[in-house]
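Hi,

Here is the structure I promised to pass on, with my notes on it underneath. Have a look at the model first, and then read on.

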Amino acid sequence: MTTHPNEKRSRFDPEPMPRRDFLGLAAIGSMLAAFGLSMLGMLKLPKAAVSASPAKKFNVSLPDTLPEGEAFIPPGRNVAVFRDKEGVFAISTVCTHLGCIVKTSANGFDCPCHGSGFTRDGTVRKGPAPTPLPWLKVSMNGGTLTVDEDTKVKSGTKV
Ligand code: FES
């Protein structure tokens with residue numbers, strides 16, 4: 001309820017707030033609300049969306065039943081490990097075209113992305129992959145087989 005300027009106010013009536021003061025307080029209130037909401041939003045930012053990648057050097061135990069010349073792909077790794085009469089070797093399963101993960105097939109490996117094909121020793125059977133799948137360093141320490149995904153070796157290197 002508004003009072004006429006000439007009307008006498010009771011001493012119990014609150015002081016009327018000037019418009020300028022009201023707008024100033026409203027602006028400060030809005031600023032504090034915006035700051036508080038932005039702080040709430042920022043609480044979500046620092047959380048990592050992905051986990052750290054696993055170490056590139058890892059131990060593998062080949063199943064005793066693994067047939068000669070058949071690929072064993074350790075879970076969570078992009079490597080195919082083979083055993084034959086001459087020893088053990090590992091080949092990367094990352095396609096040399098654009099980096100998709102190749103799948104084992106009757107002919108070796110096939111890339112699901114653009115159709116490249118590789119033989120069991122990584123040689124390009126069908127493009128567009130420009131180069132063979134790289135062979136990776138395998139070492140044997142005692143009875144432990146270690147594959148190093150970061151170290152490429154000459155194809156045909158077996159331990
Ligand atoms: S990424 Fe494998 S064929 Fe393109």
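Let me start with two rings: phenylalanine 82 and phenylalanine 89 are both buried, where buried means under 20% relative accessible area, exposed means over 50% and partly exposed is in between (1.4 Å probe, protein chains only).

Before going further, a word on how to read the values. This is a predicted model, so local features need pLDDT of at least 70 and side-chain atom pairs count only at pLDDT 80 or more, while totals for chains, interfaces and linings use all residues. Residues are numbered from 1 along each chain as its sequence is written, and side-chain values use heavy atoms, with hydrogens and water left out.

**The aromatic rings**

A pair of aromatic rings is described by the distance of the centres and the angle of the planes. Rings of Phe, Tyr and Trp (its six-membered ring) pair if their centres lie within 6.5 Å; planes under 30 degrees apart count as stacked, over 60 as edge-to-face and the rest as tilted. There are 3 aromatic pairs in the structure. One of them joins phenylalanine 82 to phenylalanine 89, and this pair is stacked, at 5.0 Å centre to centre with 15 degrees between the planes. Phenylalanine 82 also pairs with phenylalanine 109: the ring centres are 6.2 Å apart and the planes stand at 85 degrees, so this pair is edge-to-face. Because phenylalanine 82 lies in strand 2 (residues 79–84) and phenylalanine 109 in strand 5 (residues 108–110), the pair ties together parts that are 27 residues apart in sequence. Phenylalanine 109 is buried, as is phenylalanine 82. Ring pairs link Phe82, Phe89, Phe109 and Trp135 into a cluster.

Another ring has a charge for company: arginine 77 lies over the face of phenylalanine 58, 4.0 Å from the ring centre. The criterion here is NZ of Lys or CZ of Arg within 6 Å of the ring centre and within 35 degrees of the ring normal.

**The fold and its two sheets**

The protein chain has 1 helix and 9 strands, running α-β-β-β-β-β-β-β-β-β from the N terminus on. Helices (H or I, at least four residues) and strands (E, at least two) are DSSP runs, numbered from the N terminus. Of the 159 residues in the chain, 25% count as buried.

One open sheet is made of 5 strands in the order 1-9-8-3-2, with antiparallel pairing; two strands pair if DSSP finds at least two bridges between them. Its edge strands are strand 1 (57–60) and strand 2, each of which pairs on one side only. From one strand to the next, the twist averages 30 degrees, with axes taken as lines fitted to C-alpha atoms (for helices over the stretch in contact) and angles running from 0 to 180 degrees between N-to-C directions. Strand 3 (residues 87–92) and strand 8 (residues 135–141) pair in the antiparallel sense over 2 bridges, and isoleucine 91 stands opposite tryptophan 135 in strand 8.

The other open sheet has 4 strands in the order 4-5-6-7, again with antiparallel pairing. Strand 4 and strand 7 (124–126) are the edges, each pairing on one side only. Strand 6 (residues 117–118) runs antiparallel to strand 7, and 2 bridges join them; glycine 117 stands opposite lysine 126 in strand 7.

**Three residues to look up**

- Threonine 146 lies in strand 9 and is buried, with a relative accessible area of 10%. Its side chain makes a polar contact with the side chain of asparagine 59 at 2.9 Å. Such a contact is a pair of N or O atoms within 3.5 Å; within protein, one must be able to donate a hydrogen and the other to accept it, and residues adjacent in sequence count only if both atoms are side-chain atoms.
- Lysine 158 lies in the segment after strand 9 (144–153) and is partly exposed, at 24% relative accessibility. Leaving aside residues up to four places away in sequence, lysine 158 touches Asp84, Glu86, Gly87, Val88, Phe89 and Trp135, with contact meaning heavy atoms within 4.5 Å.
- Threonine 96 lies in the loop between strand 3 and strand 4 (103–105). A polar atom of the threonine 96 side chain lies 2.5 Å from the backbone oxygen of threonine 131.

Enjoy exploring the model!

Best wishes
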